[in-house]
Amino acid sequence: MSAVEATPETTQPKGTPPRERQWFHSAVVYQVYPRSFQDSDGDGIGDLRGVVRRLDYLATLGIDVLWLSPIYASPQDDNGYDISDYQDIDPTFGTLADFDDLVAQAHARGIRIVMDLVVNHTSDEHPWFVESRSSKDSAKRDWYWWRPPREGMDAGAPGAEPTNWQSFFSGPAWELDEATGEYYLHLFSRKQPDLNWENPEVREAVYAMMRWWLDRGVDGFRMDVINMISKDLPLRDGRVLDHGPYADGSPFYICGPRIHEFLQEMHREVFAGRSEKLLTVGEMPAVTVDEAVLFTDPARREVDMVFQFEHVGLDHGEHKWDRRPLELAELKASLGRWQAGLAEVGWNSLYWNNHDQPRAVSRFGDDGQYRVESAKLLATVLHLHRGTPYVYQGEELGMTNVPFEGAQSFLDIESVNYYRAALGLGRSPEEVLEALREGSRDNARSPVQWDASPHAGFTTGEPWFPVNPNHAEINADAELADPDSVFHHYRRLIELRHSDPVVADGDFHMLLPEHPSIYAFTRSLDTQTVLVVANFSGDDQPVDGLPSEEDWGAAELVLGNYPEPGAGLPPLRPWEARVYRRGA
Ligand code: NOJ
């Protein structure tokens with residue numbers, strides 16, 4: 001029996017009544033983006049054997065679950081989020097035998113493996129799509145969204161797309177198939193055609209594939225843009241965006257009319273009756289708190305938690321490339337509303353980083369003078385919220401954004417396409433480049449910095465993406481050896497969630513909601529209360545106005561991010577964060 005199976009906590013069947021303690025309340029998930037994690041064979045691209053090699057590091061950090069970004073067979077148009085075979089491993093990453101070994105070795109260390117499930121779309125090289133596009137009469141034609149040109153227009157003419165929607169990767173969301181004269185829908189790249197979930201055969205094929213992975217030993221799924229699988233019919237035009245020429249189609253595919261029905265069906269067909277401790281998390285752009293309550297209410301049997309995007313959109317203007325500074329009061333209002341909204345029913349996921357987001361320490365902290373302090377502060381605030389925290393590879397080291405030189409430094413399809421489209425709309429290259437430097441997903445995708453050697457210990461070959469030059473200073477080797485490092489701070493936070501029920505399950509109460517620099521809140525359970533105070537600024541800040549402040553001065557300091565934290569509740573130093581506890 002593996003260590004995962006042997007864990008003595010209670011296993012509750014999916015569908016447990018609200019407010020009951022579930023195993024993932026005290027769990028922390030670590031995301032691996034395999035391409036940039038660890039290379040084992042010198043080809044410059046990370047792989048599964050590389051992940052195995054670093055399992056002891058992850059066990060030292062103390063994480064419970066490892067979420068693997070896609071490793072399936074793929075043409076890699078969107079780094080694996082374009083899948084051409086759901087039941088095989090891309091040779092870049094290894095083989096099914098390597099995968100089985102990873103699962104076994106992770107389980108032996110008590111770490112669960114969660115797969116990325118990308119089923120809003122496939123690759124255009126997936127046999128399903130190849131068959132679908134082969135003729136209008138194909139048995140799989142209806143597995144995807146095929147539509148004739150707009151009425152009265154010729155195929156290929158400007159504006160002849162069936163709807164005016166913009167794709168997430170710039171340009172129209174429809175691509176003409178010259179051979180059959182029809183367009184197919186792709187909300188992402190033209191190599192990522194959307195599956196038609198209205199067709200029951202599609203759903204059955206997806207569920208069968210999911211069962212196959214669970215039977216193979218995986219412990220759940222992170223479901224890519226899963227709130228986009230139900231489209232509102234008939235497909236129709238949206239409102240043209242201010243920066244045109246295309247339109248926002250999201251009202252017709254975000255949380256569409258059948259989304260809850262599809263997820264409940266998936267639950268019945270895939271998860272029901274399985275006794276393992278499985279994890280399901282739905283990535284859901286633009287999801288609202290009210291919808292999230294429905295998605296995560298255990299009694300409704302849909303998913304355990306969702307990734308919402310509100311807090312990582314607060315520094316966006318009209319769109320993600322139009323950036324503005326984060327207002328702390330807005331961040332507190334947003335995260336506080338999610339905490340309150342899911343307090344009684346449902347569950348939050350907690351994250352600053354993932355493979356699609358710029359590095360949090362550069363974005364919300366100070367990656368210069370106070371890099372270490374602000375990285376620890378961000379971790380402290382996030383991990384003390386109620387919900388399941390996610391750590392993205394390198395976050396635990398305080399890795400920063402990448403110093404991109406020019407337009408040619410960007411490799412991600414979203415950035416490359418945006419650059420071209422924005423220049424086409426008349427924006428200046430300098431302005432667009434600046435937006436990319438701040439907002440590009442490539443910031444998250446530089447290789448993990450393991451040591452100070454030339455390629456940071458990531459590869460013995462030429463890395464597919466340059467290693468950040470700051471790896472000489474910021475790397476795992478150095479941090480493991482330093483008890484005051486960002487790494488050890490994350491380790492302590494994870495330990496705290498494991499050992500302290502108030503951190504896992506306590507009620508959340510926001511304090512000082514309007515304060516422009518202090519983030520303060522309490523968590524309470526039975527007779528215990530934990531106070532978190534954090535200074536999101538580079539200046540000293542007194543913490544005035546806390547209820548019963550004098551009591552906190554005498555409370556136990558559980559964790560701080562300065563080596564000599566001092567006694568009582570003095571003014572907080574730049575980017576200082578403290579966690580206090582009182583009560584029996
Ligand atoms: C969300 C994923 O996180 C992102 O990386 C990907 O490009 C899109 N979905 C499309 O699969």
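User: What makes the approach of the Asp 78 side chain to the ligand a polar contact?
Analyst: Keep in mind that this is a predicted model. In it, a polar side-chain atom of Asp 78 sits 2.5 Å from an oxygen atom of the ligand. The cut-off for a pair of N or O atoms is 3.5 Å, so this pair qualifies.

User: What about His 121 and Asp 356, how far are their side-chain N or O atoms from a ligand oxygen?
Analyst: For His 121 the distance is 2.9 Å, and for Asp 356 it's 2.5 Å. Both values fall within 3.5 Å, so these count as polar contacts too. As for cover, the ligand taken alone exposes 300 Å², and the protein buries 98% of that.

User: Which residues around the ligand come nearest?
Analyst: There are 14 residues around the ligand, and the nearest are Asp 78, His 121, Asp 224, His 355 and Asp 356. Sorted by class, the shell holds seven charged, four nonpolar and three polar residues.

User: Why is Thr 280 called buried?
Analyst: Its relative accessible area is 1%. Buried means under 20%, so Thr 280 gets the label. Thr 280 belongs to strand β12, residues 279-283.

User: Which residues does Thr 280 touch, leaving out those up to four places away in sequence?
Analyst: Thr 280 touches Phe 221, Met 223 and Phe 271, plus the run of Glu 302, Val 303, Asp 304 and Met 305.

User: How do you know that the buried residues of α8 line one face of the helix?
Analyst: Start with who they are: in α8 (residues 289-296), the buried ones are Val 289, Ala 292, Phe 295 and Thr 296. Look down the axis of α8 and these buried residues fall within an arc of 115 degrees, so they line one face.

User: And what covers the buried residues of α8?
Analyst: The cover includes helix α7 (259-271), strand β13 (305-307) and helix α9 (328-341).

User: What makes Gln 339 buried?
Analyst: Gln 339, a residue of helix α9, has a relative accessible area of 5%. Set that against the limit of 20% and Gln 339 is therefore buried. Leaving out residues up to four places away in sequence, Gln 339 touches Asn 348, Leu 350, His 385, Arg 386 and Phe 508. Trp 321 is 18 residues from Gln 339 along the chain, and their C-alpha atoms are separated by 28 Å.

User: Which omega values go with the cis peptide bonds at Pro 234 and Pro 245?
Analyst: From Leu 233 to Pro 234, omega is near -5 degrees. Between Gly 244 and Pro 245, omega is about 0 degrees. Pro 234 is in the loop between β9 (220-223) and β10 (239-240), while Pro 245 is in the loop between β10 and β11 (247-248).

User: What is phi of Ala 456 and of Trp 575?
Analyst: Ala 456 has phi near 60 degrees, a positive value in a residue other than glycine. Trp 575, likewise not a glycine, has a positive phi near 55 degrees. Ala 456 is in the loop between α13 (429-439) and α14 (476-481), and Trp 575 is in the loop between β19 (556-560) and β20 (577-582).

User: Why do Ala 456 and Trp 575 count as buried?
Analyst: Ala 456 has a relative accessible area of 0%, and Trp 575 is at 7%. Both values are under 20%, so buried is the right word for each.

Technical notes:
Residues numbered from 1 in each chain as written. Predicted model: local features only at pLDDT ≥ 70, side-chain atom pairs only at ≥ 80, totals over all residues. Heavy atoms only, no water. Near = heavy atom within 4 Å. Polar contact = N/O pair within 3.5 Å; in protein donor to acceptor, adjacent residues only side chain to side chain. Areas by Shrake-Rupley, 256 points an atom, 1.4 Å probe, with all protein chains shown as cover. Nonpolar A, V, L, I, M, F, W, Y, C, P; charged D, E, K, R; others polar. Helix = DSSP H or I, 4+ residues; strand = E, 2+ residues; numbered from the N terminus. Buried < 20%, exposed > 50% of the residue type's maximum accessible area, 1.4 Å probe, protein only. Contact = heavy atoms within 4.5 Å. Arc of directions from axis to C-beta.
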